[in-house]
Amino acid sequence: MRFGFPIPTRGPLGTLDTIHRLARAAEEYQYDSIWISDHIVIPKASESKYPYSEDGHFDLDVAQHYLEPLAVMSYLAGVTERPAIGSSVLILPYRNPMLVAKMVATLDLLSRGRVILAVGVGWMEEEFRALNLATFKDRGAVTDEYIQILRELWTKEWPTYQGRFYSFEEVRFYPKPVQKPHPPIWIGGHTKAAIRRAARLGDGWHPIGLRPPAGLHPEEFAKAAADLRSQAEAAGRDPKAITLSFKAPITFTDGAASGARTPFIGTRDQIVEDIQTYQRLGVSHLIFDFAGPSADAILEQLHRFAEEVRPAVRGRP
């Protein structure tokens with residue numbers, strides 16, 4: 001089992017000092033990955049429903065800054081040597097796919113092959129409009145094309161692509177990524193469309209769970225994973241070649257919770273048990289949201305998990 005965590009890049013915690021301290025902690029505490037989220041602009045008014053809150057409200061002050069993920073990932077490549085550096089998730093339809101391919105290939109070279117590109121289709125229609133994009137309703141189809149374009153550019157000597165939204169013929173594209181055949185492309189999202197995309201086009205599935213209405217408690221996750229494997233087989237792919245990851249909040253409590261309990265909220269032993277449950281379901285990479293009001297609070301949780309939880313998981317058969 002591999003473990004990672006997101007580094008905040010927005011609001012009061014999205015500072016150079018915090019980013020640097022958490023990146024160095026990932027190195028010191030031997031986390032396997034660090035992750036950066038994505039928004040380019042936040043419209044003042046939005047009626048789009050956020051998929052990770054029960055009421056659909058996106059809780060973000062529009063006056064807060066929000067750092068660009070690929071730029072931050074490049075910085076992280078320079079201040080770390082060990083952890084994978086991932087996007088969670090890069091909204092692929094927002095950007096020119098050829099430029100994304102170039103930036104990610106460059107980043108993979110500068111990080112010595114540590115990039116994981118998790119991508120999503122986006123959910124905020126007003127942000128598409130602000131970016132002068134008329135593709136919100138077609139964002140799934142656009143994403144599918146762009147994923148194919150990335151692979152074409154990263155792996156072919158003379159890449160060529162003819163699609164509905166983007167086309168080009170015989171271009172020279174270098175550098176190629178360090179990772180072969182290319183950096184893994186994980187598909188974000190918990191919907192049926194996301195699972196279908198992961199089964200057909202993804203090197204991994206990267207859902208966010210335990211944030212209603214996106215539950216993915218063990219029983220629900222098991223059904224979704226089985227659906228993904230079935231669709232992958234139907235598409236002629238090896239389901240075992242698709243990484244199953246899971247991103248969720250984590251909270252330590254002093255006493256054991258009784259009755260119904262949300263996974264990863266509990267004592268050290270309960271969290272260990274939850275990790276093993278998802279591991280049995282096929283998850284090989286857990287990304288935990290170590291929330292806190294300050295960098296010090298997050299650092300304390302990172303240290304506690306590394307010292308108390310991880311050895312208990314990796315020390316058991």
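Tyr31 is buried in this predicted model, its relative accessible area being 1%. The same category holds for Phe5, which is likewise buried, with a relative accessible area of 1%. These two residues form an aromatic pair: their ring centres lie 5.1 Å apart and their planes meet at 80°, so the arrangement is edge-to-face, the term used for planes over 60 degrees apart. Phe5 belongs to strand E1 (residues 2–6), whereas Tyr31 is found in the loop between helix H1 (16–28) and strand E2 (33–36), so the contact ties together parts that are 26 residues apart in sequence.

A further edge-to-face pair is made by Tyr166 and Phe168, because their planes stand at 75° and their ring centres are 6.1 Å apart. Tyr166 has a relative accessible area of 18% and is therefore buried, the limit being under 20%. Phe168 also counts as buried, at 8% relative accessibility.

In total, the structure holds 24 aromatic pairs. Phe5 and Tyr31 are both members of one aromatic cluster, which also includes Phe3, Trp205, Phe221, Phe246, Phe264, Tyr278, Phe288, Phe290 and Phe305.

Trp205, a member of that cluster, leads to the strands. In strand E8 (residues 204–206), Trp205 stands opposite Ile187. Strand E7 pairs with E8 in the parallel sense, over three bridges. Between E7 and E8 the chain passes through helix H6 (residues 192–201), and this β-α-β crossover is right-handed.

E7 is also joined to strand E4 (residues 115–120), again by three bridges and with the two strands running parallel. Here Val119 has Ile187 as its bridge partner in E7. Ile187 thus appears in both pairings, as the partner of Val119 and as the residue opposite Trp205 in E8.

The side chains of E7 (residues 185–188) can be followed along the strand: Ile185 and Ile187 point one way, while Trp186 and Gly188 point the other way. All four of these residues are buried.

Aromatic rings also take part in contacts with charged groups. The charged end of Lys102 sits over the ring of Phe173, at 5.7 Å from the ring centre. In a second contact of this kind, the charged end of Lys176 is placed over the ring of Tyr174, 5.2 Å from its centre.

Key: Residues numbered from 1 in each chain as written. Predicted model: local features only at pLDDT ≥ 70, side-chain atom pairs only at ≥ 80, totals over all residues. Heavy atoms only, no water. Buried < 20%, exposed > 50% of the residue type's maximum accessible area, 1.4 Å probe, protein only. Helix = DSSP H or I, 4+ residues; strand = E, 2+ residues; numbered from the N terminus. Pairing = 2+ DSSP bridges. Right-handed = clockwise from strand over helix to strand, strands pointing away. Phe/Tyr/Trp six-rings, centres within 6.5 Å; stacked < 30°, edge-to-face > 60°. Lys NZ or Arg CZ within 6 Å of the ring centre and 35° of its normal.
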